[in-house]
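User: I'm new to this structure and would like to learn how to read its features. Could you walk me through them?

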Amino acid sequence: MMDASSTHHTEPMARHATANDFANWTAQAQCMTDAELIYAAKDCRAVESLWRGVDGGIVEGFYSDQASTYGMELYRRRQR
């Protein structure tokens, strides 16, 4: 994982999450184990925190949305 100040990173997805992103993340989450979901959500939260305040919240929000999608899948599983 690279931080926002790294000189060796590719440019982040500088756009807001779309309905298509949510659909893709949801489909992906349904195929992941609980451990994978937890790992991915934590990773997204780490990236989110690195981008906090850097670009007006666009990248931060994108990764927050992705982490939340993974978290919702875990919540759904635990409600069964």
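Analyst: Let's begin with one pair of side chains: Glu73 and Arg77 form a salt bridge, with their closest N and O atoms 2.9 Å apart. By salt bridge I mean a side-chain nitrogen of Lys or Arg within 4 Å of a carboxyl oxygen of Asp or Glu. Before going on, note that this is a predicted model, where local features need pLDDT of at least 70, side-chain atom pairs count only at pLDDT 80 or more, and totals for chains, interfaces and linings use all residues. Residues are numbered from 1 along each chain as its sequence is written, and side-chain values use heavy atoms, with hydrogens and water left out.

User: What is the general idea behind such a pair, and how far apart are Glu73 and Arg77 in helix H3?

Analyst: Side chains of opposite charge can pair when their charged atoms come close. Here, Glu73 and Arg77 sit four residues apart in helix H3, so about one helical turn separates them. Helices are DSSP runs of H or I with at least four residues, strands are runs of E with at least two, and both are numbered from the N terminus.

User: Which other side chain meets Glu73 in a salt bridge?

Analyst: That would be Arg76, at 3.3 Å from N to O. Arg76 and Glu73 are three residues apart in helix H3, which covers residues 58–79, so again the separation is about one helical turn. Add Asp34 and you get a network of salt bridges linking Asp34, Glu73, Arg76 and Arg77.

User: Is Glu73 buried or exposed?

Analyst: Buried, with a relative accessible area of 4%. The scale goes like this: buried is under 20% relative accessible area, exposed is over 50%, and partly exposed is in between, using a 1.4 Å probe and protein chains only. Its partner Arg76 has 40% relative accessibility, so Arg76 counts as partly exposed.

User: How many salt bridges does the structure hold?

Analyst: Seven. Another one joins Arg52 to Glu48, with the closest N and O atoms 3.4 Å apart. Arg52 is partly exposed at 48% relative accessibility, while Glu48 is buried at 8%.

User: What about disulfides, how many are there?

Analyst: A disulfide is a pair of cysteine sulfur atoms within 2.5 Å. By that rule the count is zero. As for the cysteines Cys31 and Cys44, Cys31 is exposed with a relative accessible area of 69%, and Cys44 is buried at 6% relative accessibility.

User: Now the inside. Which residues make up the largest nonpolar core?

Analyst: The idea is a set of buried Ala, Val, Leu, Ile, Met, Phe, Trp, Tyr and Cys residues joined through side-chain atoms within 4.5 Å. The largest such core has 11 residues: Trp25, Ala29, Met32, Leu37, Ala40, Ala41, Cys44, Phe62, Ala67, Tyr70 and Leu74. Helices H1 (19–30), H2 and H3 each supply at least two residues of this core.

User: Which residues is Ala40 in contact with, leaving aside its neighbours within four places in sequence?

Analyst: Met32 and Tyr70. Contact here means heavy atoms within 4.5 Å. Tyr70 also comes up with Glu36, a residue of helix H2 (residues 34–50). The C-alpha atoms of Glu36 and Tyr70 are 9.4 Å apart, with their positions 34 residues apart along the chain.

User: How many aromatic pairs does a search of the whole structure find?

Analyst: Three. Rings of Phe, Tyr and Trp (its six-membered ring) pair if their centres lie within 6.5 Å; planes under 30 degrees apart are stacked, over 60 edge-to-face, and the rest tilted. Take Trp25 and Phe62: their ring centres are 5.2 Å apart and their planes at 85 degrees, so the pair is edge-to-face. This pair links distant parts of the chain, with Trp25 in helix H1 and Phe62 in helix H3, 37 residues apart. Phe62 also pairs edge-to-face with Tyr63, at 5.6 Å centre to centre and 75 degrees between the planes.

User: Which residues form one aromatic cluster?

Analyst: Phe22, Trp25, Phe62 and Tyr63. Two of these turn up again beside Thr69 of helix H3. Not counting residues up to four places away in sequence, Thr69 touches Phe22, Trp25 and Thr26. Thr69 is buried, with a relative accessible area of 8%.
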